[in-house]
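Here are my notes, put down point by point as I went through the file. Have a look at the structure first, then see whether you read it the way I do.

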Amino acid sequence: MRVLLIGAPLFLRVYMPPLGIGYIASVLEEAGHEVTLVSLTTLPVPKLADIRELVRRFRPHVVGHTALSPSANSSRVLFEAIRSEDPNVLLVAGGAHPTALPEHTITWMGADIAVLREGEHTFLELVTALEKGRDLKEVDGIVYKENGEIRYTAMRPFEPNIDVFPFPAWHLIKPETYPQVPPQGMLKSPPATMMITSRGCPYECSFCASFRTLGRAHRLRNPSKVVDEMQLLRERHGIREIMLVDLNFTFTRNHAVAVCNEMLKRNFTTTWKTLSGFRIDHVDEELLKLFKQTGCYQVIFGIESFNQSSLNRLNKDLDVRIVHEKIHMAKRIGLNTASFFIIAMPGETEAQARYTMRMARKSPLDFAGFFCWTPMPGAADWEAFEKTIDLYSFQWEKLNYDEAVYSDTIPKKRLKRLLFIGHFLFYANPRRAVKLLTLVRPRYFRYFLAFALDTLFGARGRLRIR
Ligand code: B12
Ligand code: SF4
């Protein structure tokens, strides 16, 4: 069958490859289907007219699309455009939003089918069922409409052995063509791309929706396959820097060690860093030294707050006392350190918010991002928030982490100013400003500037598909 896969719409000025549909594409190709993959997070960003033209040319039987909540409006517009181009095409949505809100994905976003959780097995079975004319109810892990009624099939368990999934279809993603702009623009050895070595995270942070799509069990890839993939990226695509986007790379310490040892054994080192935050309490001196030895130059910790009560509110299960020690440890070893912080979660006072920003400033962290507490569909925090809104008129782009959708202690306008001051003072430190600028490629400076201004002035997430 002909399948068109479209990544999540661009929402921030962050141009990253669509790994999720990359995995799905390779499973489909292995089974003999014809796949076209379109990323909406690359430059130039494809327009609706380009997608329409592609649908006319490629005539897909099925369109699969990654839908995230903050860009849900764009996903809706995209589905409308494809539908008007070909009323018979089957529209399938997967990823975080459909997994959390499958009925909304069908009734509001316009998908025919929502795929829950990780999609490799489910999407392949779905396409096979369509090809063979089988009943949809035989496909586990989907939600669809039949005779006006929403139907759920049996929940599909997570694949325990993720090595059964082939590498993402890098030949379709073409990572080397990605613009090396922020956060990629802050790179040591471009061209860079992202990869995962594991799926899932056992923690239960209240703001995090990740467990819905990728599960709570930490499922590991074989380190040898991980390094094979790194080598493939180097040899076939010229990739010289890897950004790891595992949810919790260091949770299984032996795994992180084994990946590094495999690199050393093959005498293969690459420049690498972590892009999503990993647990600061799961690193130690020996591990960080090993990271450094294999080419790591930066770690991003998910610290979230310097207030223990706020961490407790977020169910972070983290002792704030160890945070300073670990940041100093990473610095001593010679790694750049970065962290994201969540400001103004319910119950957090302005004094507490200011304290987190002050402590971040005083810490040896090189980079920091301060974001508003944002309840994301699928996260525990969403449940109470959902009761206060109407899903059908909610402005989804408000879930952008820069403007508060809810704040019970600090007025929203004041909070925006607070975040501006927080970022401004943090980077007013010449050491940090210089470090940041040295990682920006001059060629991409204008993109970096746009990204920085968006962050500083809380204007991120205004991008919509047109
Ligand atoms: C790495 C990452 C990023 C990176 C790279 C994003 C990218 N290009 O993929 C960066 C930092 C850029 C990023 C940015 C954002 N992210 Co992000 N990100 C992640 C993270 C940590 C891992 C994603 C990943 O690659 N996983 C590996 C692959 C294999 O998994 P996957 O993408 O989920 O895909 C699988 C399934 O979801 C499913 N699937 C996905 N798409 C499709 C499509 C079809 C048709 C089917 C059938 C199945 C399917 O099958 C895939 C294979 O198993 C996730 C956490 C998570 N659990 O996924 C958050 C996550 C997806 N991000 C999230 C958000 C909100 C964002 C932002 C909107 C944040 C913001 N407001 O600032 C932006 C938007 C990016 C954009 N489009 O412009 C949320 C989504 C929540 C929600 N309800 O929508 C998550 C879940 C984190 C969270 N807060 O809990 N992100
Ligand atoms: S925020 Fe990080 S540690 Fe917490 S549940 Fe999500 S992935 Fe795990």
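1. Let's start with ligand 1: why does it lie where it does, relative to domain 1 (2-152) and domain 2 (174-457)? Both domains give residues to its shell, so ligand 1 lies between them. Keep in mind that this is a predicted model.

2. The shell around ligand 1 holds 48 residues, and the closest are Gly20, Gly64, Gly94, Glu118 and Gly119. Two or more residues come from each of helix H1 (19-30), strand E3 (62-66), strand E4 (90-94), helix H4 (96-100), helix H6 (120-132) and helix H8 (210-214). H1 gives the most, with five residues.

3. As for the chemistry around ligand 1, the class count is 29 nonpolar, 17 polar and two charged residues.

4. Ligand 2 has its own set: Cys201, Tyr203, Cys205, Cys208, Ser210, Leu247, Asn248, Arg279 and Gly302. That shell splits into five nonpolar, three polar and one charged residues.

5. On to the packing. The largest nonpolar core has 128 residues, and those touching the most other members are Leu5, Val92, Ala111, Ala114, Ile142, Ile343 and Ala344. H1 turns up again here, since the largest share of this core, six residues, comes from that helix. Domain 1 (2-152) and domain 2 (174-457) each supply at least three residues to the core.

6. If you want one core residue to click on, try Ile142, which is among those touching the most other members. Leaving out neighbours within four places in sequence, Ile142 is in contact with Ile113, Ala114, Val115, Leu116, Thr122, Leu126, Leu136 and Thr153.

Key:
Residues are numbered from 1 along each chain as its sequence is written. Chains are lettered from A and ligands numbered from 1 in the order in which they are written. This is a predicted model: local features need pLDDT of at least 70, side-chain atom pairs count only at pLDDT 80 or more; totals for chains, interfaces and linings use all residues. A residue is near a molecule or strand if its C-beta atom, placed from the backbone, lies within 6 Å of it. Helices (H or I, at least four residues) and strands (E, at least two) are DSSP runs, numbered from the N terminus. Ala, Val, Leu, Ile, Met, Phe, Trp, Tyr, Cys and Pro count as nonpolar, Asp, Glu, Lys and Arg as charged, and the others, Gly among them, as polar. Domain bounds come from an automatic or database domain assignment. A nonpolar core is a set of buried Ala, Val, Leu, Ile, Met, Phe, Trp, Tyr and Cys residues joined through C-beta atoms within 7 Å. A residue is buried if 20 or more other C-beta atoms lie within 10 Å of its own, exposed if 12 or fewer, and partly exposed in between; C-beta atoms are placed from the backbone. Two residues are in contact if their C-beta atoms, placed from the backbone, lie within 7 Å.
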